[in-house]
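Thanks for making the time this morning. I would like to walk you through a few packing details, and I will go slowly so that you can follow along on the screen.

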Amino acid sequence: MKNTTQSANRQENFLNLNEFKSEVIIDSPGRINLIGEHIDYNGGHVLPAAIDKKIRIYLKKSNTDTCTIWSENYSTGFSFDINDVKSGAVEWQNYILGVVHYIGTIKGGFVKGFDCIIHSELPMGSGLSSSAALECGLAKGLDELFKIGLSSDEIITLSRDAEHNFVGTKCGIMDQFSVVRGKKNHLILLDCQSLKYELIKSDLDPYKLVLLNSNVSHNLASSEYNTRRQECEDALAAINNKYPSYEYLVDVPEEIVKEFKEELPEKTFNRAIYVTQENKRTLMASNALEDDLFEVFGSLLYQSHKGLSELYEVSCDELDFMVDFSKEFDFVLGSRMMGGGFGGCTINLVHEDHVSDYIENISEAYKKKFNIELSPIGVNISNGVSKI
């Protein structure tokens with residue numbers, strides 16, 4: 001069957017938002033993760049939240065078999081036949097195609113031709129999970145447009161499956177879960193094995209979460225992400241040869257992981273040690289926040305970054321510089337890279353009285369070091385995906 005996906009780069013007024021008569025409008029948030037990086041796919045605990053920076057998706061029925069998608073941010077679009085949905089060569093298009101495909105596997109025959117315009121406030125590659133926002137937002141929008149009856153859990157899992165199999169990133173469940181289940185002014189302590197979760201109030205007063213976008217992307221995140229996942233699977237398989245009862249790497253006690261130091265390749269061993277330590281840090285961080293122990297929480301952020309940089313090896317010079325720079329200031333309690341790595345943002349816990357000065361100082365130092373402008377991103381913790 002031939003691929004019917006067609007580019008629309010050179011078609012003027014392909015879809016014009018000013019003339020678009022939406023039947024459904026969806027706001028789908030990005031997410032931050034305070035701590036618990038790269039352990040969702042290892043069955044660990046994570047501490048994410050939805051944010052008020054969003055992707056807005058406009059939808060209407062086309063009353064044909066043709067689906068037409070336009071991205072305002074990319075100023076480009078494409079079309080495909082609803083009866084011929086498969087992955088193509090353009091990554092952002094595959095998020096769309098994957099969601100449509102997996103809705104069809106759950107609720108076949110519901111989705112017909114539709115037109116869609118996408119506008120995003122989320123910087124690509126920043127670690128704010130624009131991909132999950134797009135996937136879950138589209139799934140929610142199509143559910144509303146065609147009255148499909150998808151549950152929140154189905155939206156979460158089909159969106160993850162789309163990213164696994166149409167985009168090729170073997171992500172965990174955290175991003176999609178946060179986008180769908182987010183609640184204003186609350187963090188989500190999520191057990192990625194059971195999907196049981198607890199909402200924790202995000203009152204950090206007098207401190208603020210400050211995101212600083214490095215504005216670099218070393219184009220390693222997707223391939224190295226899958227490599228890290230495979231290394232963790234290899235570590236668990238080796239451990240299971242002697243201790244077969246462990247289903248997830250995070251369940252293996254650190255002392256047992258250390259038994260395999262000589263048996264595992266050094267990098268594989270380091271990945272496993274990081275995973276078990278980061279899971280413990282996440283639980284400690286959740287307790288620290290509930291008890292207003294912000295200095296303890298900040299220290300755990302620094303420990304997390306050290307593990308990500310030295311053991312998991314997903315940081316980069318720019319992110320390491322930003323975290324090291326923050327240690328010069330008493331009013332910064334903690335800092336670490338956030339997201340898949342190799343670029344994107346750091347998340348920083350900064351006293352509210354010093355936020356502006358700190359952004360100015362680190363931006364100047366970063367520009368002097370790398371000749372790159374930093375971009376501060378102000379966020380508030382918000383609700384999950386919703387129909388307007």
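I will take two helix pairs and then two single residues.

A word on the basis first: this is a predicted model, in which local features need pLDDT of at least 70 and side-chain atom pairs count only at pLDDT 80 or more, while totals for chains, interfaces and linings use all residues. Residues are numbered from 1 along each chain as its sequence is written, and side-chain values use heavy atoms, with hydrogens and water left out.

Let me begin with helix H1, residues 91-106, and helix H3, residues 152-167, whose axes come within 8 Å and cross at roughly 130 degrees. The axes are lines fitted to C-alpha atoms over the stretch in contact, with angles from 0 to 180 degrees between N-to-C directions, and the helices are DSSP runs (H or I, at least four residues) numbered from the N terminus. H1 and H3 are therefore oblique to each other, given that angles under 35 degrees count as roughly parallel, over 145 as roughly antiparallel, 65 to 115 as roughly perpendicular and the rest as oblique. Among the residues that meet, with contact meaning heavy atoms within 4.5 Å, are Tyr-95, Leu-97 and Tyr-102 of H1 and Leu-158, Ala-162 and Phe-166 of H3.

The second pair is helix H7, residues 266-290, and helix H8, residues 294-311, which pack at an angle of about 165 degrees with their axes 9 Å apart. That angle makes H7 roughly antiparallel to H8. The contact includes Ile-273, Tyr-274 and Met-284 of H7, together with Phe-297, Leu-300 and Leu-308 of H8.

Ile-273 comes up again when we turn to Val-257, which sits in helix H6, residues 254-258. Is Val-257 buried or exposed? Its relative accessibility is 0%, so Val-257 counts as buried, where buried means under 20% relative accessible area, using a 1.4 Å probe and protein chains only. Leaving aside neighbours within four places in sequence, Val-257 is in contact with Ile-239, Val-252, Phe-269, Ala-272 and Ile-273.

Finally, Asn-348 lies in strand E12, residues 343-351, and is likewise buried, with a relative accessible area of 0%. Its side chain makes polar contacts (pairs of N or O atoms within 3.5 Å, one able to donate a hydrogen and the other to accept it) with the side chain of Ser-335 at 2.7 Å and with that of Thr-346 at 3.1 Å.

Definitions and conventions. Helices (H or I, at least four residues) and strands (E, at least two) are DSSP runs, numbered from the N terminus. Buried means under 20% relative accessible area, exposed over 50%, partly exposed in between (1.4 Å probe, protein chains only).
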